[in-house]
Amino acid sequence: EHLTNLARVVAERLEHGSRVPTIGSVRSNPAEPAPTSEAAAVLETVASTLETGVILLDDDDVLLANEAARSLRVVWGHELPSRALSRIAREARREGTRISYDVDLPWGASSRAVHAVAAPVPGTAHVVLLLSDLQEARRLEAVRRDFIANVSHELRTPITVIKGYAETLRSSAVADDPQRRERFLEIIHNHAERISTLVRDLLSP
């Protein structure tokens, strides 16, 4: 809500401009009239801390883009060349509601995943696009999956051995063979120690 209110203020001031500024430069331009105190505070925060890409659109024309959006290579001059992002913005404008999609943007010979949120600015024809880079999140998710797979593999072997020998001990196959029973118990103990060591290593800082 704060962002769309901010976008309304900025849009009114940029509607007749010819340059596509960054969010920081909009606030710092002394030739521009000062926005409201709330908008100024939000602009300050966005300019200095926001890592999410922010684009303000009028139809398919870019009125405003911050550095995070430019770093995703989705703004060229006043244009938004991505058909996927343009489609999302038009849908939000048409439906009059906030929508979101995950989009794979062209990135050299491959692609770059972003989470795109489009919100229409109340009382105007403008749309705010918020773009979050998903590459790091997807990398961490892949690391998490590999970690779980490795841990599962490390646990599966001793658990399978323990289960097998425990079932044998419960049967009558070694009832009359104390030496075999003792050996089986020793194997179970060793694999239980292996699991204990693995869990301890996982919980260690």
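**Entry 1: strand pairing**

I start with the term I need here: two strands count as paired if DSSP finds at least two bridges between them. I am working on a predicted model, and I keep that in mind throughout.

My first stop was strand β1, residues 53-58. What does β1 pair with? I found strand β2, residues 61-65, joined to β1 in the antiparallel sense over four bridges. Within this pairing, Asp 58 stands opposite Asp 61 of β2. The two strands make a hairpin with two residues between them, and there Asp 59 takes a positive phi near 60 degrees.

Then I looked for another partner of β1. Strand β5, residues 126-133, runs antiparallel to β1, and six bridges join the two. As one example of the register, I noted that Ile 55 has Leu 129 as its bridge partner in β5.

Is β1 enclosed or open? Five of its six residues are buried, so the rest of the structure largely encloses this strand. I reminded myself that side chains in a regular strand alternate between the two faces of the sheet.

**Entry 2: the whole chain**

I stepped back to place β1 in the fold. I count on seven helices and five strands in the chain. In sequence order, the pattern reads α-α-α-β-β-α-α-β-β-β-α-α. How much of the chain is buried? The share is 34% of its 205 residues.

**Entry 3: rings**

Next I searched the whole structure for aromatic pairs, and one turned up. Its members are Tyr 165 and Phe 184, with ring centres 4.8 Å apart and planes at 65 degrees; angles over 60 count as edge-to-face, so that is the label I wrote down. Where do the two rings sit? Tyr 165 belongs to helix α6 (residues 135-170) and Phe 184 to helix α7 (residues 178-203), so the pair ties together parts that are 19 residues apart in sequence.

I also checked how covered each partner is. Phe 184 has 6% relative accessibility and counts as buried, because the cut-off for that is under 20%. Tyr 165, at 25%, is partly exposed.

I then asked which rings have a charge sitting over them. One case is Tyr 101, where the charged end of Arg 87 lies over the ring, 5.4 Å from its centre. Another is Trp 107, with the charged end of Arg 112 over the ring at 4.6 Å from its centre.

**Entry 4: salt bridges**

Arg 112 came up again as soon as I moved to charge pairs. How many salt bridges does the whole structure hold? My search gave six.

One of them joins the side chains of Arg 112 and Asp 133, at 2.8 Å from N to O. This pair links distant parts of the chain, with Arg 112 in strand β4 (residues 110-120) and Asp 133 in strand β5, 21 residues apart. Asp 133 is partly exposed at 33% relative accessibility. I noted that Arg 112 thus has two entries here: the ring of Trp 107 and the carboxylate of Asp 133.

Another salt bridge runs between Arg 194 and Glu 154, at 3.6 Å from N to O. It also links distant parts of the chain: Arg 194 is in helix α7 and Glu 154 is in helix α6, 40 residues apart. Both ends come out partly exposed, Arg 194 at 35% and Glu 154 at 36%. I put this pair beside Tyr 165 and Phe 184, whose rings also join α6 and α7.

I also logged Glu 95 with Arg 94, whose side chains meet at 3.7 Å from N to O. Here Arg 94 is exposed at 58%, while Glu 95 is partly exposed at 49%. Finally, Glu 141, Arg 144 and Arg 145 are linked in a network of salt bridges.

**Entry 5: a nonpolar patch**

My last look was at the surface. Which residues form a nonpolar patch there? I found Phe 147, Ile 148, Val 199, Leu 202 and Leu 203, with about 470 Å² of accessible area together. Helices α6 and α7 each supply at least two of its residues, and α7 gives the most, with three. Ile 148 lies in α6 and is partly exposed at 40% relative accessibility.

I close with a list for α6 and α7: the edge-to-face rings, the salt bridge of Arg 194 and Glu 154, and the nonpolar patch to which both helices contribute.

Note on methods. Residues are numbered from 1 along each chain as its sequence is written. This is a predicted model: local features need pLDDT of at least 70, side-chain atom pairs count only at pLDDT 80 or more; totals for chains, interfaces and linings use all residues. Side-chain values use heavy atoms; hydrogens and water are left out. Rings of Phe, Tyr and Trp (its six-membered ring) pair if their centres lie within 6.5 Å; planes under 30 degrees apart count as stacked, over 60 as edge-to-face and the rest as tilted. Buried means under 20% relative accessible area, exposed over 50%, partly exposed in between (1.4 Å probe, protein chains only). A charge sits over a ring if NZ of Lys or CZ of Arg is within 6 Å of the ring centre and within 35 degrees of the ring normal. Patches are made of residues with over 30% relative accessible area and no salt bridge: like charges are joined within 9 Å, nonpolar side chains (Val, Leu, Ile, Met, Phe, Trp, Tyr) within 5 Å. Accessible areas come from the Shrake-Rupley method with a 1.4 Å probe; for residues, only the protein chains shown count as cover. A salt bridge is a side-chain nitrogen of Lys or Arg within 4 Å of a carboxyl oxygen of Asp or Glu.
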